[in-house]
Amino acid sequence: MAADGSGATSPAGLVADRLDAWPGISRVRADCGVGLALAAQGIQIIHLHSGDEAELRLTRPVVDRLGEALAGSGRVTVHPDGDWITVRLDTDSDVALVVSLASVAIKAGAGDAAVPRPRTPCGAAPAGRPAGSPP
């Protein structure tokens, strides 16, 4: 997510930098094996697979509740039957959207941790490998 030679940080790098300042957020390797993840209390909430895209684990109940509005923004891809959404990062507003949704992901992840159920993998997870399994 570093500089592209121009000295500018990618939008995904800006997301990571802004969330680094939040208490309880840590940078870890993404469970799916592709890129960086941001975790809250050990639960991966954001995957940054490239410099211009972020995936957030909002959990299925939150995606069911907010999915239509998020998809209507034109910036978010809602994955059917999944816990994750994808946000295209082209503008400062997109970065702000991901940072705002991070708090939703933290709350959803904390509540979801108490309910044992299979988790759906992010979009970069190889087919057939459940989320959280070693690469």
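Asp81 is found in the loop between E5 and E6, and its phi is near 60 degrees, a positive value in a residue other than glycine. Asp81 counts as exposed, at 65% relative accessibility. This is a predicted model, and its chain has 3 helices and 6 strands. From that loop we can move on to the sheet, the helices and the core, and then take a longer look at Glu55 in strand E4.

**Two loop residues with positive phi**

- Thr59 makes a good companion to Asp81: Thr59 is not a glycine, yet its phi is positive, at about 80 degrees.
- Look for Thr59 in the loop between E4 and H2.
- Is Thr59 buried or exposed? With a relative accessible area of 4%, Thr59 is buried, whereas Asp81, at 65%, counts as exposed.

**The chain as a whole**

- Starting at the N terminus, the order of elements is α-β-β-β-β-α-β-β-α.
- The chain has 135 residues, and 40% of them count as buried.
- About 6700 Å² of the chain is exposed, with 57% of that supplied by carbon and sulfur atoms.
- If you take the contacts between residues at least 6 apart in sequence, 51% of them join residues at least 24 apart.

**The sheet**

- The 6 strands form an open sheet in the order E1-E2-E3-E4-E6-E5, and the pairing is antiparallel.
- Which strands sit at the edges? They are strand E1 (25-29) and strand E5 (76-78), each of which pairs on one side only.
- From one strand to the next, the twist averages 25 degrees.
- A hairpin through 2 residues links E3 to E4, and these two strands pair in the antiparallel sense over 3 bridges.
- On its other pairing, E4 is joined to E6 by 5 bridges, again running antiparallel.
- E4 is largely enclosed by the rest of the structure, because 4 of its 5 residues are buried.

**Helices on the sheet**

- H1 lies across E1, E2, E3 and E4, and it runs at about 150 degrees to E3.
- H2 also packs on the sheet, where it touches E5 and E6.
- The direction of H2 makes about 140 degrees with that of E5.

**The nonpolar core**

- As general background, nonpolar side chains tend to be buried together in soluble globular proteins.
- The largest nonpolar core here has 28 residues, and the members touching the most others are Ile46, Leu48 and Ile85.
- Several elements give two or more residues to this core: the helices are H1 (11-20), H2 (60-72) and H3 (92-112), and the strands are E2 (36-40), E3 (43-50), E4 (53-57) and E6 (84-88).
- Which element gives the largest share of the core? That is H3, with 7 residues.
- Ile46 is a handy place to start exploring: setting aside neighbours within four places in sequence, its contacts include Leu19, Leu36, Leu38, Leu56, Val98 and Ala102.
- One of those contacts, Leu56, is also the bridge partner of Ile46 in E4.
- Another core, of 5 residues, lies apart from the largest one, and among its members are Ala30, Ala37, Trp84 and Cys122.

**A closer look at Glu55**

- Glu55 is in strand E4, and it is buried, with a relative accessible area of 4%.
- Which residues share side-chain polar contacts with Glu55? One is His49, at 2.9 Å, and another is Thr86, at 3.1 Å.
- Thr86 has a second link to Glu55, since the two stand opposite each other, with Thr86 in E6.
- Towards E3, the bridge pairs Glu55 with His47.
- Not counting residues up to four places away in sequence, Glu55 touches a varied set of residues, including Ile45, Ile46, His47, His49, His79, Trp84 and Ile85.
- Further along the chain, Cys122, Gly123 and Ala124 are also among the residues that Glu55 touches.

Methods:
Residues are numbered from 1 along each chain as its sequence is written. This is a predicted model: local features need pLDDT of at least 70, side-chain atom pairs count only at pLDDT 80 or more; totals for chains, interfaces and linings use all residues. Side-chain values use heavy atoms; hydrogens and water are left out. A nonpolar core is a set of buried Ala, Val, Leu, Ile, Met, Phe, Trp, Tyr and Cys residues joined through side-chain atoms within 4.5 Å. Buried means under 20% relative accessible area, exposed over 50%, partly exposed in between (1.4 Å probe, protein chains only). Contact means heavy atoms within 4.5 Å. Accessible areas come from the Shrake-Rupley method with a 1.4 Å probe; for residues, only the protein chains shown count as cover. Two strands pair if DSSP finds at least two bridges between them. Axes are lines fitted to C-alpha atoms, for helices over the stretch in contact, and angles run from 0 to 180 degrees between N-to-C directions. A polar contact is a pair of N or O atoms within 3.5 Å; within protein, one must be able to donate a hydrogen and the other to accept it, and residues adjacent in sequence count only if both atoms are side-chain atoms.
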